[in-house]
Amino acid sequence: MERPGGALEWGSTHTSTFELKKTGLLVLTRKHVPHPSQPRASVPTPRPSIAIGGQVIQPSPSHRFLGVIIDDQLRWREQAVHALVKGMTYVLACRQLTIASKGIRAPFICRLYISVVIPKLLYAADIWATSSLSQDLHDIKKALRQLRGVARLLARVQREAAHQVTGGMASTATDVLDFHANFLPFSQLLHRVCARAALRLASLAKGHPLYPLVRRAATFRRHHCAPLHTLLHTFAITPGEMEAITPVRRAPTWIPSHTTIIPKSKDAAKESHDEDSSLIRVYLDGSSHGGNVGAGAILIHGTTSHHLLFHLGPATHHTVYEAELVGLILGAHLL
């Protein structure tokens with residue numbers, strides 16, 4: 001930052017100076033050194049401080065960046081506690097809406113939990129909660145036993161939400177509460193959130209800055225494994241096997257090979273029919289009349305004609321658009 005042409009010089013020339021008092025220093029390492037007075041004990045490696053522009057910046061045990069608390073050992077304990085507090089705060093706020101006499105009904109509490117509490121609780125979970133992912137998603141009891149670390153801690157939030165929905169006793173088992181509240185087991189919920197994040201990363205366009213990193217992370221590492229490696233390995237996702245689907249089937253400059261002519265009136269349509277000298281002509285239509293919906297098609301070949309009719313049913317169960325599609329099928333069948 002202090003070199004010629006560095007960040008400090010750029011900030012001074014662009015009237016965008018850095019506030020060094022707000023700068024944080026985070027030294028990431030899990031190494032330990034022997035304790036100076038206890039031979040059998042060890043302490044974390046001392047973190048050095050740095051000086052920038054005359055301002056000495058001391059290392060901190062954790063730092064918050066984009067809403068995620070990163071600790072100096074990347075164990076995510078502070079982030080898990082922060083997510084638990086935030087989730088319980090929102091769930092307890094929802095409790096105020098579930099008063100027995102005039103509160104909202106259970107289905108709306110479920111929607112609040114799914115749409116509000118879960119996004120707040122599992123924000124960026126694909127970064128800090130990957131250590132709790134399990135390979136087995138089919139055995140529910142095994143998945144509950146494998147809830148460890150942050151997942152077991154955060155499962156308390158869903159248990160509290162399930163209590164509000166069902167009104168069950170405090171001694172009711174968690175899996176029973178989830179079943180009656182129509183909640184996914186928390187292990188599967190965590191898997192679903194992380195799987196969505198992994199699929200979004202694997203389907204990035206080639207011009208995206210993260211595209212080469214995701215491609216390299218498809219090769220799993222047993223040591224020094226990043227959360228991205230864990231995501232792609234857990235869900236067996238290979239970025240190179242993703243199918244690219246274009247949002248539109250035709251380019252804006254596409255010109256159809258056929259000509260579309262819409263007569264302005266019935267008389268004009270009749271005149272167009274009389275003037276047409278084609279050997280084969282097909283007419284089809286779908287409509288609603290008298291509370292019923294139907295379709296028809298007629299094929300004229302020279303002096304002979306063939307027709308097909310189909311009655312879909314009452315207008316309360318079918319639409320005219322559906323009848324138009326049936327008319328196209330009848331016309332294709334006649335051809």
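**Exercise 1. Which elements each supply at least two residues of the lining of the largest pocket?**

Before we start, a word on the model: it is predicted, so local features need pLDDT of at least 70 and side-chain atom pairs count only at pLDDT 80 or more, while totals for chains, interfaces and linings use all residues. Residues are numbered from 1 along each chain as its sequence is written, and side-chain values use heavy atoms, with hydrogens and water left out.

*Solution.*

Step 1. Get the term clear: on a 1 Å grid over the protein atoms alone, a pocket is an open set of points where a 1.4 Å probe fits, with protein on both sides within 12 Å along at least five of seven lines, and lining residues have an atom within 4 Å of a point.

Step 2. Find the elements: β6 (68-71), α4 (125-128) and α10 (227-234) each supply at least two lining residues. Helices (DSSP runs of H or I, at least four residues) and strands (E, at least two) are numbered from the N terminus.

Step 3. Look towards the centre of this pocket: of its 28 lining residues, Arg-30, Leu-74, Trp-76, Ile-127 and Pro-227 lie nearest.

**Exercise 2. Describe the space and the lining of the largest pocket.**

*Solution.*

Step 1. The space comes to about 880 Å³, a volume being what is filled by probe spheres set on the grid points.

Step 2. Sorted by class, the lining has 16 nonpolar, 8 polar and 4 charged residues.

Step 3. Now place the lining in the chain, which is divided into domain 1 (7-60), domain 2 (73-235) and domain 3 (279-334). Domain 1 and domain 2 each give at least three residues to this lining, and their centres, taken over C-alpha atoms, are 33 Å apart.

**Exercise 3. Find the strand that gives the most to the lining of the second largest pocket, then follow that strand to the nonpolar patch.**

*Solution.*

Step 1. The second largest pocket has a volume of about 600 Å³. Its lining counts 15 residues, with Ile-261, Pro-263, Val-282, Tyr-283 and Leu-284 nearest the centre.

Step 2. Two elements give two or more residues here, α11 (266-275) and β7 (280-289). The strand we want is β7, with 5 residues, and Leu-284 sits in it.

Step 3. On the surface, Leu-279, Ile-280, Val-282, Leu-284, Leu-325, Leu-328 and Leu-335 make up a nonpolar patch with about 670 Å² of accessible area together. Patch residues have over 30% relative accessible area and no salt bridge, and nonpolar side chains are joined within 5 Å. β7 gives the most to this patch too, with 3 residues.

Technical notes: Nonpolar A, V, L, I, M, F, W, Y, C, P; charged D, E, K, R; others polar. Domains from an automatic or database assignment. Patch = residues over 30% accessible without salt bridge, like charges linked within 9 Å, V, L, I, M, F, W, Y side chains within 5 Å. Areas by Shrake-Rupley, 256 points an atom, 1.4 Å probe, with all protein chains shown as cover. Salt bridge = Lys/Arg side-chain N within 4 Å of Asp/Glu carboxyl O.
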